[in-house]
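I sat down with this model and looked things up one at a time. My notes follow in the order I made them.

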Amino acid sequence: MQMKTLLAGSALMALLAGCAGTGGEQQGADATGTTASSSQAQSDTRTYTGTLPCRNCSGIALTVNLQGDEKATNPQDRTFELEAQYQNHPQNPPTETYSGNWDVISGMQDDPSATVYELTPSGEGQVYYFERVNDSTLELVDPQLRRFENGQTLRLTRKQ
């Protein structure tokens, strides 16, 4: 079974079953040799982590790095990396890593004012949807932009 199918199937089955910028950039190196523009790019990255339920393991550790601003007009300016690691899985699958672009969707079925991030991997991989609950919390929602019944276990929190 392919890992992406295992991830999608495990996560969705577990969920459905109820299992568990300042001003302009300067070009110049700082004391570490990092240019101001690369420092700016690093500061634009937001990292969210959490553990999703898993039917056949103790959980799926998920890390999502969002690069760029949701107000960016060019979707190519918004990129992501997603890493999924199965914890205590009997088959010990390798960590899955996806990257691509993310977009902003306005509204959900039960909340027209909600903001949802749609993460679309380059190449193979499933599309993920996360509602921005607040600046420090994302919640996984289904492709129809609905919350899962056990939403508390589907939240990722921002790392400082």
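**Entry: the disulfide**

I am working from a predicted model, so every value here is computed. I began with the cysteines. Cys54 and Cys57 form a disulfide, with 2.3 Å between their sulfur atoms. I noted that this falls inside the 2.5 Å cut-off for a disulfide. The structure holds 1 disulfide. I then checked its hand. The torsion about the S-S bond of Cys54 and Cys57 is about 120°, so I wrote it down as right-handed. Are these two cysteines buried or exposed? Both Cys54 and Cys57 are buried.

**Entry: the overall layout**

Next I stepped back to the whole chain. I found 2 helices and 8 strands. Along the sequence the order reads α-α-β-β-β-β-β-β-β-β. The chain has 160 residues, and buried ones make up 35% of them.

**Entry: strand S1 and its partners**

I looked at how the side chains of S1 point. They alternate along the strand. Arg46, Tyr48, Gly50 and Leu52 point to one face and are buried. Thr45, Thr47, Thr49 and Thr51 point to the other face and are not buried.

Then I asked which strands pair with S1. S2 is one partner: 8 bridges join S1 to S2, and the two run antiparallel. S1 and S2 form a hairpin, with 6 residues between them. S8, residues 155–158, is another partner, joined to S1 by 2 bridges and also antiparallel. I used Thr49 as a marker for both pairings. Thr49 stands opposite Thr63 in S2. Thr49 also stands opposite Thr157 in S8.

**Entry: Ala61**

I picked Ala61 in strand S2 for a closer look. Its relative accessible area is 18%, so I filed Ala61 as buried. The cut-off for buried is under 20%.

What does Ala61 touch, leaving aside its neighbours within four places in sequence? I listed Gly50, Thr51, Glu83, Ala84, Gln85 and Gln87. I also checked Ala61 against Thr95. They are 34 residues apart in sequence, and their C-alpha atoms are 9.5 Å apart in space.

**Entry: the nonpolar cores**

I turned to the interior. The largest nonpolar core has 23 residues. Which residues have the most contacts inside it? They are Leu62, Val64, Leu66, Leu82, Leu119 and Phe130. I traced where the core residues come from. S1 (45–52), S2 (59–67), S3 (79–87), S4 (96–106), S5 (115–121), S6 (128–134) and S7 (137–141) each supply at least two of them. Apart from this core lies another, of 6 residues, among them Met108, Ala114, Val116 and Tyr129.

**Entry: Phe130 and its ring partner**

Phe130 deserved its own entry. I skipped residues up to four places away in sequence and listed what Phe130 touches. Leu62 and Val64 are among its contacts. Thr115, Val116, Tyr117 and Leu119 are also on the list. So are Leu138, Glu139, Leu140, Val141 and Leu156. At a relative accessible area of 1%, Phe130 is buried.

I searched the whole structure for aromatic pairs and got 2. One of them is Tyr128 with Phe130, a stacked pair. Their ring centres are 6.2 Å apart, and the planes differ by 10°. I counted the pair as stacked because planes under 30 degrees apart meet that cut-off. Tyr128 is buried as well, with a relative accessible area of 5%.

**Entry: a charge over a ring**

I looked for a charged side chain above an aromatic face. Arg78 lies over the face of Trp102, at 5.6 Å from the ring centre.

**Entry: positive phi**

Last, I went through the backbone angles. Most residues other than glycine have a negative phi, so I wrote down the exceptions that I looked up.

Asn92 has a phi near 50°, a positive value. Asn92 is found in the loop between S3 and S4. It counts as exposed, at 63% relative accessibility.

Leu145 has a phi near 60°, again positive in a residue other than glycine. Where does Leu145 lie? I found Leu145 in the loop between S7 and S8. At 14% relative accessibility, Leu145 counts as buried. I noted both loop residues side by side: Asn92 is exposed, whereas Leu145 is buried.

Note on methods:
Residues are numbered from 1 along each chain as its sequence is written. This is a predicted model: local features need pLDDT of at least 70, side-chain atom pairs count only at pLDDT 80 or more; totals for chains, interfaces and linings use all residues. Side-chain values use heavy atoms; hydrogens and water are left out. Buried means under 20% relative accessible area, exposed over 50%, partly exposed in between (1.4 Å probe, protein chains only). A nonpolar core is a set of buried Ala, Val, Leu, Ile, Met, Phe, Trp, Tyr and Cys residues joined through side-chain atoms within 4.5 Å. Helices (H or I, at least four residues) and strands (E, at least two) are DSSP runs, numbered from the N terminus. Contact means heavy atoms within 4.5 Å. Rings of Phe, Tyr and Trp (its six-membered ring) pair if their centres lie within 6.5 Å; planes under 30 degrees apart count as stacked, over 60 as edge-to-face and the rest as tilted. A charge sits over a ring if NZ of Lys or CZ of Arg is within 6 Å of the ring centre and within 35 degrees of the ring normal. Two strands pair if DSSP finds at least two bridges between them.
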